[in-house]
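Subject: Structure for you to look at

Hello,

Here is the structure I promised to hand over. Please open it before reading on; my notes follow below.

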Amino acid sequence: MNFADSEVVGAILTEAGYTLCSTLEEADFVLINTCAIRDNAEQRVRHRVRELRAQQNRQRTLRIGILGCMAERLQSRLMVEEDNVSLVCGPDAYRRLPALLRQVREGQQASEVELSTTETYADIEPVRLGSNGISAYISIMRGCQNYCSYCVVPYTRGRERSRDPHTIVDEARTLYERGYREVTLLGQNVNSYRWSADSVPTGFPDLMEMVADVAPDLRVRFATSHPKDLSDELLQAMAAHPNICRCIHLPVQSGSDCMLKLMNRKYTVGWYLDRVEAIRHYLPDCSITTDVIAGFSSETEEDHQATLELFRRVRYDYAYMFKYSEREGTYASRHLADDVPDDVKTRRLNEIIALQGQIALENNRLEVGREYEVLVEGESHRSKERLFGRNSQNKVLVFDRGDAVPGTYRRVLVTDCTAATLLGQLTAE
Ligand code: SAM
Ligand code: SF4
């Protein structure tokens, strides 16, 4: 999401006459787009800001701005705590950046953190930063109002709002015409996507079909879906369009009903498993990935075991695994004690990581001997002789270069694997 936002910021500033540069020495401003989801994300930003002080001593005109969720959360307090920061700008105020930068150039500090109920940056064509020219993100909605009790996003990104579907389809079409072959539609809960024009509603399954119809060889992915809203209708739309990728990110957060209730996730483990079954029914070859939090308020050993059990049952292909980090202002910080000791959180997290590593490896071993259509993305980091790409399930395949060209589809036979990567060879066309 931040990556996509930085591309919008890049477009706004380019339009205002600024130029993006790739070294600090060339820069007049360093704008850091930030995440506030866990404390360690914020600490990394603070560390970076402090590192930049040395450069500012050498280059007296260099100014630093903080964008995004951390700016929204801490507002001008941030410029007091980190006194080499001159600008803070929240995620809904990026159109104001040229005016804010002007203010900073005139020697003042600048801050704009107003949240909006309507801003979607729909009319802005993002500049594609560090792009491979093959895959791109398209932001389809902003904000979130699910209020999971641990989560700061509803406070830093504001109310949920969807973007006009025609602007989304136009963006996908333009990307396709420029040679892109994969788009990922982004939102905090894409299943809540809703647009209405002339009393005709467009829901997320409708939008997926509209984007999938841009071209049969344009892959369409999405993130993230909330389990409470994952509908059969969406799964049916996916099944009807082979270019909608067979991969669903379905964050579970915990395998214990008691934790899910305290987290305000609005589903039970039973509901979640029913949704997993529905995915397997409509899309038998679909990979499933997740997010999980270890050590949320009052989590017992039994709750933790229930999470491990759920991982054994679902057998995810990939998981983002986190230790609970209390965030100021959330329901949990006000009402639920952060009472699992840090060493217990770490141990539980490590147990989940170890189990998931084992499951991912076992899943990948089952792939050996299968053949996939792979969208070739580029050279493997380890060897110039090899290329890498992804299959529809979003698994990375590395294979001998042969005559394959990035940006095209090739068939690859899986011959070996690690827990993270499938190794293979091109098959005859
Ligand atoms: N909207 C998406 C959802 O609900 O699945 C993802 C939002 S969040 C940016 C990504 C992940 O961060 C969440 O799924 C959750 O696992 C994790 N997360 C959010 N708040 C957290 C917290 N306070 N401590 C630890 N992990 C957290
Ligand atoms: Fe946070 Fe929950 Fe919204 Fe995801 S759905 S962004 S976890 S409040």
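**The cavity**

Searching the whole structure turns up one cavity of 30 Å³ or more. Keep in mind that this is a predicted model. The volume of this largest cavity is about 100 Å³. Its lining is made of 13 residues. Nearest the centre of the cavity are Ala4, Val8, Pro126, Ser139 and Arg163. Two elements, α1 and β5 (135-139), each give at least two residues to the lining. By type, the lining of the largest cavity splits into seven nonpolar, two polar and four charged residues.

**The second largest pocket**

Next, the open space. The second largest pocket holds about 790 Å³. Two elements contribute two or more residues to its lining: α1 (2-15) and β1 (29-34). Of these, α1 supplies the largest share, with seven residues. In total, 26 residues line this pocket. Leu20, Cys21, Phe29, Val30 and Leu31 lie nearest the pocket centre. The lining of the second largest pocket counts 15 nonpolar residues, eight polar and three charged. Note that α1 turns up twice: it lines the second largest pocket, and it also lines the largest cavity.

**The three-stranded sheet**

Now the strands. β12, β13 and β14 form an open sheet, in that order, with parallel pairing. At the edges sit β12 (247-249) and β14 (318-323), each pairing on one side only. From one strand to the next, the twist averages 10°. Take β12 and β13 (residues 287-294) as the pair to inspect: three bridges join them in the parallel sense. One place to look is Cys247, whose bridge partner in β13 is Ser287.

**Ligand 1**

Last, the ligand. Which residues are closest to ligand 1? They are Gln188, Pro251, Gln253, Asp291 and Ser325, out of 15 that surround the ligand. Three of these residues are worth displaying with distances:

- Gln188 uses its backbone: an N or O atom there lies 2.8 Å from a nitrogen atom of ligand 1.
- Gln253 uses its side chain: a polar atom there is 2.7 Å from an oxygen atom of ligand 1.
- Asp291 also places a polar side-chain atom by an oxygen atom of ligand 1, at 2.6 Å.

Asp291 also ties the ligand back to the sheet: its number falls within β13 (residues 287-294).

Best wishes

Note on methods. Residues are numbered from 1 along each chain as its sequence is written. Chains are lettered from A and ligands numbered from 1 in the order in which they are written. This is a predicted model: local features need pLDDT of at least 70, side-chain atom pairs count only at pLDDT 80 or more; totals for chains, interfaces and linings use all residues. Side-chain values use heavy atoms; hydrogens and water are left out. On a 1 Å grid over the protein atoms alone, a cavity is a set of points where a 1.4 Å probe fits but cannot get out, and a pocket is an open set with protein on both sides within 12 Å along at least five of seven lines; lining residues have an atom within 4 Å of a point. Grid points are joined across faces, edges and corners, and a volume is the space filled by probe spheres set on the points. Helices (H or I, at least four residues) and strands (E, at least two) are DSSP runs, numbered from the N terminus. Ala, Val, Leu, Ile, Met, Phe, Trp, Tyr, Cys and Pro count as nonpolar, Asp, Glu, Lys and Arg as charged, and the others, Gly among them, as polar. Two strands pair if DSSP finds at least two bridges between them. Axes are lines fitted to C-alpha atoms, for helices over the stretch in contact, and angles run from 0 to 180 degrees between N-to-C directions. A residue is near a molecule or strand if one of its heavy atoms lies within 4 Å of it. A polar contact is a pair of N or O atoms within 3.5 Å; within protein, one must be able to donate a hydrogen and the other to accept it, and residues adjacent in sequence count only if both atoms are side-chain atoms.
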